[in-house]
Amino acid sequence: MAKGSDPNGWSRARGLVVKTLVLIGGAFLLKRLTKSTTRWDHAKIVARSLSGEKFSREQASRDPDNYFNFRILTCPATEMVDGSKVLYFEQAFWRTPQKPFRQRFLMVKPCPKDLKCDVEVSSYAIRDVEDYKNFCDRPRDQRPLPEEVIGDIAEPLTTIYLNRCERGKRCLYEGSTPPGGFPNSWNGATHFTSELMVLKNNEIHTWDRGYDDEGNQVWGVKEGPYEFKPAPASSFNGMFSPLNFPLSQPLEKKIEGSFVLQE
């Protein structure tokens, strides 16, 4: 060792260099991890969360007087030229999943830059609904082709504008139709509103309600949104238990108050 050298000073210097390198590396990693999510990233997250098979089974078990056990099934159908994701959506009673009573196309894309929202989810009617029944359950070679899907997108029905949820909330995205909703004439309604919440683990909550000119709710569930959760494969074993679906009032009466038949 050279005369006059300070081993402690060298150790301190080396430690300082190591700490500096760790701080620089950590800052770089943090920057990578916190890189801002793009508008299209948000749209992809919502499209992925909406997709799959989900049931309102738990909610129907807790409150059978107000909620059905429905099955909803959503899957990718095609992609538009601008990158918008088109999903096929169908809804059925859990006992008869092969007979959907509600079929829609959902188009998911970023909100226009002039709007204060992150993701736009629009629903569209389907020109030939029979051609799409059980679309997601079929092998891909037995489904309409992507270009046929685009041609079968009919009139727009609703648009929901989603924003990222505030930190600390259970949800990822939440939003609703614009003030005033969309026109609707079922059961004396003049308009209806829709709310959508996307939660973690691909759970979604939906709430559709119809109102008359005076603001009275004339259809839809009043107690709160429907809660749809992905069902583990094992849960199908007990699906036909009578405990799943105790009906305390006539089926027709319950359907009148259910959002799922209206739009």
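Start by selecting Ile-72 and Gln-91: in this predicted model, Gln-91 of strand 3 is the bridge partner of Ile-72. Keep Ile-72 highlighted and add Lys-54, because there's a second link to see here: Ile-72, in strand 2, is the bridge partner of Lys-54.

Now widen the selection to whole strands. Pick residues 70-79 for strand 2 and 85-93 for strand 3. These two run antiparallel and are paired over nine bridges. Next, add residues 52-55, which make up strand 1. Strand 1 also pairs with strand 2 in the antiparallel sense, this time over four bridges.

Want to know how covered strand 2 is? Colour it by accessibility: eight of its ten residues are buried, so the strand is mostly covered.

Then follow the chain from strand 2 into strand 3. The two form a hairpin, with five residues between them. Click on Gly-83 in that turn and check its backbone: phi is positive, at about 100°.

Time to move to a pocket, the second largest one. Select His-42, Ile-45, Arg-164, Cys-165, Cys-171, Leu-172, Tyr-173 and Lys-200, and you've got its lining. The space inside comes to about 220 Å³.

Which elements supply at least two residues each of that lining? Show helix 2 (39-50) and strand 7 (171-176), and there they are. Strand 7 gives the most, with three residues.

Last stop: colour the lining by class. You'll find five nonpolar residues, one polar and two charged.

Key:
Residues numbered from 1 in each chain as written. Predicted model: local features only at pLDDT ≥ 70, side-chain atom pairs only at ≥ 80, totals over all residues. Heavy atoms only, no water. 1 Å grid on protein atoms, 1.4 Å probe; cavity = no way out; pocket = protein on both sides within 12 Å on 5 of 7 lines; lining within 4 Å. Points joined across faces, edges and corners; volume = space filled by probe spheres on them. Nonpolar A, V, L, I, M, F, W, Y, C, P; charged D, E, K, R; others polar. Buried < 20%, exposed > 50% of the residue type's maximum accessible area, 1.4 Å probe, protein only. Pairing = 2+ DSSP bridges.
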